[in-house]
Amino acid sequence: MLGLGGSFLISGTIFFFAYNWADMHKFVKLGLIELLILAVTFVAVFTKRSNTVKNVLLSAAAMLVGVLFAVFGQIYQTGANAYDFFLGWTMCVVLWVIVARFQPLWFIFLVLLNTTFVLYTQQVATHWNFAVVLDVLFIINATAVVV
């Protein structure tokens, strides 16, 4: 139920911005998401809740970082490759992942890492052999299983 609540928090945030997109100023869009990230992270770090609740809130904050990057890219039309988006998202949440030691958050991190690598091979390293790409993906995921 806690995971479902965190998922609804993220979904509600995304749908709120999708519905009110045209009526909101760009600073309001970014400010609301940043405020939500700060509030969720503050509750996760500084309250006396159970570790499970804190970890689910931290997972929700990690997903909200992706929402923030997506809204920023949409507002300013950065023109960045998709792998840049996922690489930035991955680097911004890596500390939370290491500190939390929460398996669903590690899974989110692993999905971000795999997505970043696959998009990099499709957009930048197009000359790489498919077997090499699969080998590197195997090494990344096997390392995650061992760790």
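**A look around an all-helix chain**

R101 sits in the loop between α4 (82-100) and α5. In this predicted model, R101 makes a handy starting point, since its backbone does something worth a second look. The phi angle of R101 is near 55°, which is a positive value in a residue other than glycine. Is R101 buried or exposed? With a relative accessible area of 68%, R101 is exposed, because anything over 50% falls in that class.

Stepping back to the whole chain, there are six helices and zero strands. Reading from the N terminus, the order of elements is simply α-α-α-α-α-α. Taken along the principal axes, the box filled by the C-alpha atoms is roughly 45 × 40 × 25 Å. The chain has 147 residues, and 33% of them are buried. What about contacts between residues that are at least 6 apart in sequence? Of these, 62% join residues at least 24 apart.

The surface comes next. The chain has an accessible surface of about 9,300 Å², and carbon and sulfur atoms account for 70% of that area. As for charges, the chain carries 6 positive and 4 negative ones, and the mean positions of the two sets are 19 Å apart.

Now for some of the buried residues, beginning in the first helix. F17 belongs to helix α1 (residues 2-19). Its relative accessibility is just 5%, so F17 counts as buried, the cut-off being under 20%. Which residues does F17 touch, leaving out those up to four places away in sequence? They are M24, K29, L32 and I33. One of these partners, L32, is 15 residues from F17 in sequence, and the C-alpha atoms of F17 and L32 are 9.6 Å apart in space.

Further along, helix α3 (residues 51-76) holds N55. N55 is buried too, with a relative accessible area of 15%. Setting aside neighbours within four places in sequence, N55 is in contact with A100 and F102. The loop between α4 and α5, where R101 was found, thus comes back into the picture: A100 is the last residue of α4 (82-100), and N55 touches A100.

Helix α4 also contains T90. How buried is T90? At 1% relative accessibility, T90 counts as buried. Not counting residues up to four places away in sequence, T90 touches F109, L112, L113 and T116. These partners lie within the stretch given for α5 (103-123), and T90 is itself in α4. Between T90 and I108, the gap is 18 residues in sequence and 9.3 Å in space, C-alpha to C-alpha.

That leads to the largest pocket, which has a volume of about 230 Å³. Which residues line this pocket? The lining is made up of W106, F107, F109, L110, L113, I140, T143, A144 and V147. Two helices, α5 (103-123) and α6 (130-146), each supply at least two residues of the lining. The largest share, five residues, comes from α5. Two names in the lining, F109 and L113, have already come up as contacts of T90. Those residues of α5 therefore both line the largest pocket and touch buried T90 in α4.

Note on methods
Residues numbered from 1 in each chain as written. Predicted model: local features only at pLDDT ≥ 70, side-chain atom pairs only at ≥ 80, totals over all residues. Heavy atoms only, no water. Helix = DSSP H or I, 4+ residues; strand = E, 2+ residues; numbered from the N terminus. Buried < 20%, exposed > 50% of the residue type's maximum accessible area, 1.4 Å probe, protein only. Contact = heavy atoms within 4.5 Å. Areas by Shrake-Rupley, 256 points an atom, 1.4 Å probe, with all protein chains shown as cover. Lys, Arg positive; Asp, Glu negative; His and termini not counted. Charge placed at Lys NZ, Arg CZ, Asp CG, Glu CD. 1 Å grid on protein atoms, 1.4 Å probe; cavity = no way out; pocket = protein on both sides within 12 Å on 5 of 7 lines; lining within 4 Å. Points joined across faces, edges and corners; volume = space filled by probe spheres on them.
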